[in-house]
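The following exercises ask the reader to derive the architecture of a fold step by step. Each task is followed by a worked solution.

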Amino acid sequence: MSTPTATHSDPGAAAALHEAFPDKTRAPEEFHGDLTVEIDAAAEVEVLTHARDALGYDLLIDRLGDDFGEDAEPRFAVRTVLYNLETHKRLLFRVRVDELACEIPSLIPVFRGADWFEREVWDMYGLKFTGHPDLRRILMPDHFPDHPLRKDYPLEGRGDFAAPHRALGGNVDGTDGQVAVPPGLRGESEIQASEDP
């Protein structure tokens, strides 16, 4: 006897949302029990306000970025997860963002909690949120020049933020051309062996 797959999504709410905004959303897509509604970027604030006020999705769980690569068109997406505290269901939303525009409206007028999520997406992917009151770095230093989760950002970093090599195992100060490993992360015998001529 097969057991039905558990779902945390609400097909009725997703369908109602698409029915309310047929020209601004795509039909819901299911993946592993979750439903995603794709929204036109210019309509995201309007659609998510409706999801909050009319459908009870009043808790913002997450807002995150995606980079599909330099050859993808559109290259970026912003995903948002909302939760209904009464039904204990969630809905996922996706907005695709063109690389040239690299900008969508902030959700802060709808969900104040979008603040730090949007700062992280800006920091990691370089996607701007118009109307955000304090869009600045949240994880990287203020003087960091890039957006490190973009697919074209090299793993070893670049410029002043480049690591000598990705491999661990260098001497303590990294002068041998490998990433330095602090003494507390290796045994003293390993440190001594790496410093012996």
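**Exercise 1. Determine in which sense S4 and S5 pair, and over how many bridges.**

Solution. Strands S4 and S5 pair in the antiparallel sense over nine bridges. Strands here are DSSP E runs of at least two residues and helices are H or I runs of at least four, numbered from the N terminus; two strands pair if DSSP finds at least two bridges between them. The model is predicted, with pLDDT of at least 70 required for local features and 80 or more for side-chain atom pairs, while totals for chains, interfaces and linings use all residues. Residues are numbered from 1 along each chain as its sequence is written, and side-chain values use heavy atoms, leaving out hydrogens and water.

Next, locate a particular pair: leucine 82 has leucine 91 in S5 as its bridge partner. Finally, examine the connection. S4 and S5 form a hairpin with four residues between them, and histidine 88 in the turn has a positive phi of about 60°.

**Exercise 2. Establish the strand order of the open sheet and identify which strands stand at its edges.**

Solution. Five strands form the open sheet in the order S1-S2-S5-S4-S3, with mixed pairing. Strand S1 (29-31) and strand S3 (59-67) stand at the edges; each has a single partner strand, so one side of each is left without a neighbour in the sheet. From one strand to the next, the twist averages 25°; angles run from 0 to 180 degrees between N-to-C directions, and axes are lines fitted to C-alpha atoms, for helices over the stretch in contact.

The individual pairings can then be listed.

- S1 and strand S2 (residues 34-38) run antiparallel and are joined by three bridges; phenylalanine 31 stands opposite aspartate 34, and glutamate 29 has threonine 36 as its bridge partner.
- S2 and S5 pair in the parallel sense over three bridges, with valine 37 partnered by phenylalanine 93.
- S3 and S4 run antiparallel and are joined by eight bridges; arginine 63 stands opposite threonine 80 in S4.

The S1–S2 connection is a hairpin with two residues between the strands, and histidine 32 in the turn has a positive phi of about 55°.

**Exercise 3. Decide which helices lie against the sheet, and at what angles.**

Solution. Helix H2 (residues 44-53) packs on the sheet and touches S3, strand S4 (76-84) and strand S5 (89-97), where contact means heavy atoms within 4.5 Å. The direction of H2 makes about 15° with that of S4. Helix H3 (residues 114-125) lies across S3 and S4 and runs at about 5° to S3.

**Exercise 4. Assess how far S2 and S4 are covered, and describe the nonpolar core.**

Solution. Begin with burial, defined as under 20% relative accessible area (exposed is over 50%, partly exposed in between, with a 1.4 Å probe and protein chains only). In S2, five of its five residues are buried; in S4, seven of its nine residues are buried. In a regular strand the side chains alternate between the two faces of the sheet. In S2, Asp34, Thr36 and Glu38 point one way, and Leu35 and Val37 the other way.

The largest nonpolar core has 32 residues. Such a core is a set of buried Ala, Val, Leu, Ile, Met, Phe, Trp, Tyr and Cys residues joined through side-chain atoms within 4.5 Å. Those with the most contacts inside it are Ile39, Leu82, Phe93 and Leu127. Helix H1 (11-20), S2, H2, S4, S5 and H3 each give two or more residues to this core. Leaving aside neighbours within four places in sequence, leucine 82 is in contact with residues including Leu48, Ala51, Leu59, Leu91 and Phe93.

**Exercise 5. Find which residues of H1 are buried and what covers them.**

Solution. Ala13, Ala14 and Leu17 of H1 are buried. Seen down the helix axis, the buried residues of H1 fall within an arc of 100°, so they line one face; the arc is that of the directions from the helix axis to the C-beta atoms. Their cover includes S2, H2 and S5. On the other side of H1, Pro11 and Glu19 are exposed.

**Exercise 6. Identify which peptide bond is cis and where cysteine 102 is found.**

Solution. Most residues other than glycine have a negative phi, and most peptide bonds are trans. The bond from glutamate 73 to proline 74 is cis, with omega near -5°, and proline 74 is in the loop between S3 and S4. Cysteine 102, in the loop between S5 and strand S6 (103-105), has a positive phi near 50° and is buried, with a relative accessible area of 10%.
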